[in-house]
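User: Please take one part of this model and describe it closely, with the cut-offs behind each term. I would like one connected account and not a list.

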Amino acid sequence: MPCGRARADPGYHHDLSRVLKVFFHDACFDGTTSAALFSAFYRDAIAPGTRVLPIGMVHTDGDPFAGIALDADDHACVDFRFCADPRMTWWFDHHPTAFQPPALRDVFLARHLSTWVFDPTAPSCAGLIARTLTAAYGWTPPPHLADAVVWADKIDAAKFASAEDAVALVLPAQRLAAWLAHGRTPVDTARYVEWLSRSSLAEVAARPDVAVQLAAVETERAQELDVVRRIGVWHGDVIVFDRLGDVGARSPGFLGYLEFPRCAYAISATRTATTIKLSVGLNPWSAVPRRHDIGELCARYGGGGHAVVGGVTLRADELTRAQETLAAIVRELAET
Ligand SMILES: [Mn+2]
């Protein structure tokens, strides 16, 4: 064990009754990798034997932590908005819109905890966590998690040579990223985090229950491409996929750029039984220069994100507001 510090503490040693809650950005490759990585670190270097409860979080207008119980022995939040509650001992994020409302930034700066780490220039939160834990605790991720971190950097920052590369479903990391984006339940993602904390992406992808679902994701791909091609509507150089009329339909994600390579921006509007999601992105493979800070734009409508990708999540009963917000975002992005 590279870090003997916590191991020397007999009070923590293999205390199976100890529980850590890890809050993470749900349905996201970086969010789940971050949660798996932090879980492995915590069991290795802080408190062996801890039972980890991964809890997927979604961005909401208002306080996403309202009604969330911080009742475990310790709490961590990764790849998700800042939570000022002192019981949230650990926090890592790279979203420029992490502080909402902005006054939370003052809390972060004033308390100056070494276990609260924010770097909006990090390509992925998993990469930020790995670098921080190595520097501060001398903890090196096991090879299977180091591999997942490399993929999180690549996927979260869309560092692919082309849209074709980005949507490929050949390697386990990309197959699992597509699976995570395909309407997984919080129970699915919590189990996935636990598996990934202990085994490789290839091993997780080969689990019989997962393999069946990965095959289904691949089968649905051709059908999805047809739909994406059919529903894209141009507004200047912005392509819009309005799926609000089709509850449960997914955002095209990178498939939008594959089918509409000339777009500068892509916006999708999707709806489930509980939430409405507007997703906004800059085409990573477009030669058109970026004209907007998308995270800032989304934050003005109650959402958040990065300069090149962001979103707004609303409640399912806010359809009118969602339609108005979609129209407003389209107007802002389409004007030159
Ligand atoms: Mn991330």
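Analyst: An axis here is a line fitted to C-alpha atoms, for helices over the stretch in contact, and an angle runs from 0 to 180 degrees between N-to-C directions. Helices (H or I, at least four residues) and strands (E, at least two) are DSSP runs, numbered from the N terminus. The model is predicted: local features need pLDDT of at least 70 and side-chain atom pairs count only at pLDDT 80 or more, while totals for chains, interfaces and linings use all residues. Residue numbers start from 1 along each chain as its sequence is written.

The part chosen is the sheet that contains strand E1, together with the helices around it. Helix H1 (residues 29–46) and helix H3 (residues 125–137) have axes that come within 8 Å and cross at roughly 20°. H1 is therefore roughly parallel to H3, where angles under 35 degrees count as roughly parallel, over 145 as roughly antiparallel, 65 to 115 as roughly perpendicular and the rest as oblique. Two residues are in contact if their C-beta atoms, placed from the backbone, lie within 7 Å. On the H1 side the contact is made by Asp 30, Thr 33, Ser 34, Leu 37, Phe 38, Phe 41 and Ala 45, and these meet Cys 125, Ala 126, Ile 129, Ala 130, Leu 133 and Tyr 137 in H3. Sorted by class, this contact has ten nonpolar, two polar and one charged residues. In that sorting Ala, Val, Leu, Ile, Met, Phe, Trp, Tyr, Cys and Pro count as nonpolar, Asp, Glu, Lys and Arg as charged, and the others, Gly among them, as polar.

The sheet itself is open and has five strands in the order E2-E1-E3-E4-E5, with parallel pairing. Two strands pair if DSSP finds at least two bridges between them. E2 and E5 are the edge strands, since each pairs on one side only. Averaged over neighbouring strands of this sheet, the turn of one against the other is 10°, direction ignored.

Strand E1 (residues 19–25) has six of its seven residues buried and is mostly covered. A residue is buried if 20 or more other C-beta atoms lie within 10 Å of its own, exposed if 12 or fewer, and partly exposed in between; the C-beta atoms are placed from the backbone. Seven bridges in the parallel sense link E1 with strand E2 (residues 51–57). Along this pair, Val 19 is opposite Arg 51, and Phe 23 is opposite Ile 55. The route from E1 to E2 goes through H1, and this β-α-β crossover is right-handed; the term applies if, with the strands pointing away from the viewer, the path from the first strand over the helix to the second runs clockwise. E1 also pairs with strand E3 (residues 74–78), again in the parallel sense, over five bridges. There Phe 24 stands opposite Val 78. In a regular strand the side chains alternate between the two faces of the sheet.

Helices also lie across the sheet. H3, the contact partner of H1, lies across E3, E4 and E5 and runs at about 130° to E4. Helix H7 (residues 186–198) lies across E1 and E2 and runs at about 135° to E2.

The loops that follow E4 have backbone details of their own. Between strand E4 (90–93) and helix H2 (104–111), the loop holds Pro 101, and the peptide bond from Gln 100 to Pro 101 is cis, with omega near -5°. After H2, His 112 sits in the loop that leads to strand E5 (116–118). Its phi is near 50°, a positive value in a residue other than glycine. His 112 has 7 other C-beta atoms within 10 Å and is therefore exposed. A positive phi of about 50° is also found at Ala 158, not a glycine either, in the loop between helix H4 (143–156) and helix H5 (163–167). With 18 C-beta neighbours inside 10 Å, Ala 158 counts as partly exposed.

For reference outside this sheet, strand E8 (residues 265–271) also has six of its seven residues buried, so it is largely enclosed by the rest of the structure. E8 runs parallel to E7, joined by five bridges, but pairs in the antiparallel sense with strand E9 (residues 275–282) over seven bridges. The hairpin from E8 to E9 passes through three residues.
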